[in-house]
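Opening the notebook on a new model. I want to go through pockets, rings and a few single residues, and jot down what I find.

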Amino acid sequence: MTARWIARTGLLACSSLVLALAACQGVAPSSEVIGMKAHEATVPSGHKSSDYLFLWSADEDKQHEDFLAVMDVRHGSPKFGQIVATLPVGEKGTVPHHTEHELDASGELFANGFASQHSFVFDLNEPERPRLLTNFKPPPPFSRPHSYARLPNGNLVVTLQEKGGKVFQPGGLMEVTARGAVVRTVDAADDAVDPHVMPYSAEVVPALDRLVTTSADMHARWVSQAVQVWTLPDLERVRTIVLPPGPNGKEGWDPAEARVLGDGSTVLVGTFSCGLYLLEGLETSTPGARFIHDFGGGDCALPVVVGHYWVQTVPDAHALVALDVSEPSRPREVSRLIVGDEFKPHWIAAEPSGRRIVLTGYGPRVLLVSMDPATGKLGLIESFRDAGAKVAGVSFNRTDWPHGSSGNAVPHGAVFDRAR
């Protein structure tokens, strides 16, 4: 469990995370939980579903190796919801955190062991026989690899939270090949604008030859409001944008994730403080940002874009919220799913068809959610549960795994297999 997870669940005091609750504007009149049986969660003609789900998982007590788990999510499969393979990575206590947000066409997946400094590269072309291809660390003085984004040239950009040792210094970016060979590193420090730039996530905008990165401290020591815009392919910084405040003054704190919309050029940024921002003038030398929505509460997490919907995890509200962003400057809430008082969703990823979404949170359970791409309506897939369980979801609290009896685990980054 990372310090950011601890801080965001109220166990670590930090001014960047003690945020006042704000009234949610323009929300649907009521919350809805929609149960779906396995036969109801079918995929219409022309929309192929994924067969497997890959979950990057930490051994809970750090006494055994961290591992990648493979779960069967085939419609109608007798093994639906079962873990059919695991791959230990040969290291303990790496703090498995972010993976890529979707599986690349190569069938290969990058994942970080945040505490170990390692990035791991998996070959998932044979889902029930995953292979570890390599692992690598960033070159000094950079440290703490966090997120990955595929570049048009076939390489990846990796966000690096810090540089230096015990004394905090802002981090940077690293371009690597598909096997982790370092092509270049770039310093993200921009002290004149924001002295606490800690690159968190990255989003590539090929249509504009731009890269957008966010800034949020995983250890919750500092508050940042920085979103940085870079050129492609040379990774030269265009500008560091400071997100402006919304009505409660704190919506711009800790920018979390940027996502490009379906038109290929519009980019929205969500913050851990529940703000949503529209980036403007990305193609220019003076890009900026405009506040457009408040999800309510002081703790939000990751989004996914499905069609013209922005789907956002809101841990404070135990909720998943879908916004219609067909008019990006005027988002409109169309569905809100409460996933239960014991579950705080954090990670989110959608299968290629957009019909199912996976959630992980601050504990051992994994949930599957259905989504209607035409309306944005969300529903909990009730059939996705452990045998005899009273609540939906598959728990990683168990003794035995395909690789052995290593005890409880905590899943974090999760992605669907590509439709076959």
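**Pocket lining.** I started with which strands feed the largest pocket. Strand 8, strand 12 (199-205), strand 16 (255-260), strand 20 (303-306) and strand 24 (345-350) each put at least two residues into its lining. Strand 20 gives the most, with four residues. Note to self: this is a predicted model, so every value here is computed from predicted coordinates.

Next I looked up the volume of the largest pocket and got about 810 Å³. It has 30 lining residues, and the closest to the pocket centre are His-101, Glu-102, Leu-103, Glu-203 and Arg-259. I also wanted the chemistry of that lining: 17 residues are nonpolar, four are polar and nine are charged.

**Whole chain.** I stepped back for the overall counts. The protein has one helix and 29 strands. Of its 420 residues, 58% are buried. I then checked contacts with a separation of 6 or more, and 54% of these involve residues 24 or more positions apart.

**Aromatic pairs.** How many aromatic pairs does the ring search give? I get nine. The one I opened up is Phe-110 with Phe-136, which is edge-to-face, with 6.0 Å centre to centre and 70° between the planes. This pair links distant parts of the chain: Phe-110 is in strand 5 (residues 108-113) and Phe-136 in strand 7 (residues 131-136), 26 residues apart.

Are these two rings buried or exposed? Phe-110 has a relative accessible area of 0%, so I put it down as buried. Phe-136 comes out at 8% relative accessibility, and because the cut-off for buried is under 20%, Phe-136 counts as buried too.

Phe-110 turned up again, in a pair with Tyr-148. That pair is tilted, at 5.6 Å centre to centre and 55° between the planes. Phe-110 lies in strand 5 and Tyr-148 in strand 8 (residues 142-150), so the pair ties together parts that are 38 residues apart in sequence. I checked burial here as well: both Phe-110 and Tyr-148 are buried.

I also noted a ring cluster, in which ring pairs link Trp-56, Phe-120 and Phe-122.

**Charge over a ring.** I looked at Arg-398 and Trp-401. The charged end of Arg-398 sits over the ring of Trp-401, 5.3 Å from the ring centre.

**Gly-171.** I picked this glycine in strand 10 (residues 170-176). Its relative accessibility is 0%, so Gly-171 counts as buried. What does Gly-171 contact, once neighbours within four places in sequence are left aside? I find Phe-142, Leu-160, Gln-161, Glu-162, Lys-163, Asp-187, Ala-188, Ala-189, Val-197 and Pro-199. For one of these, Ala-188, I took the C-alpha to C-alpha distance from Gly-171: 5.8 Å in space, with their positions 17 residues apart in sequence.

**Thr-271.** Last stop was a threonine in strand 17 (residues 267-271). Thr-271 has 1% relative accessibility, so I logged it as buried. Again leaving aside neighbours within four places in sequence, I listed its contacts: Leu-243, Glu-251, Gly-252, Trp-253, Asp-254, Pro-255, Ala-256, Tyr-277 and Cys-300.

Note on methods
Residues are numbered from 1 along each chain as its sequence is written. This is a predicted model: local features need pLDDT of at least 70, side-chain atom pairs count only at pLDDT 80 or more; totals for chains, interfaces and linings use all residues. Side-chain values use heavy atoms; hydrogens and water are left out. Buried means under 20% relative accessible area, exposed over 50%, partly exposed in between (1.4 Å probe, protein chains only). Contact means heavy atoms within 4.5 Å. Rings of Phe, Tyr and Trp (its six-membered ring) pair if their centres lie within 6.5 Å; planes under 30 degrees apart count as stacked, over 60 as edge-to-face and the rest as tilted. A charge sits over a ring if NZ of Lys or CZ of Arg is within 6 Å of the ring centre and within 35 degrees of the ring normal. On a 1 Å grid over the protein atoms alone, a cavity is a set of points where a 1.4 Å probe fits but cannot get out, and a pocket is an open set with protein on both sides within 12 Å along at least five of seven lines; lining residues have an atom within 4 Å of a point. Grid points are joined across faces, edges and corners, and a volume is the space filled by probe spheres set on the points. Ala, Val, Leu, Ile, Met, Phe, Trp, Tyr, Cys and Pro count as nonpolar, Asp, Glu, Lys and Arg as charged, and the others, Gly among them, as polar.
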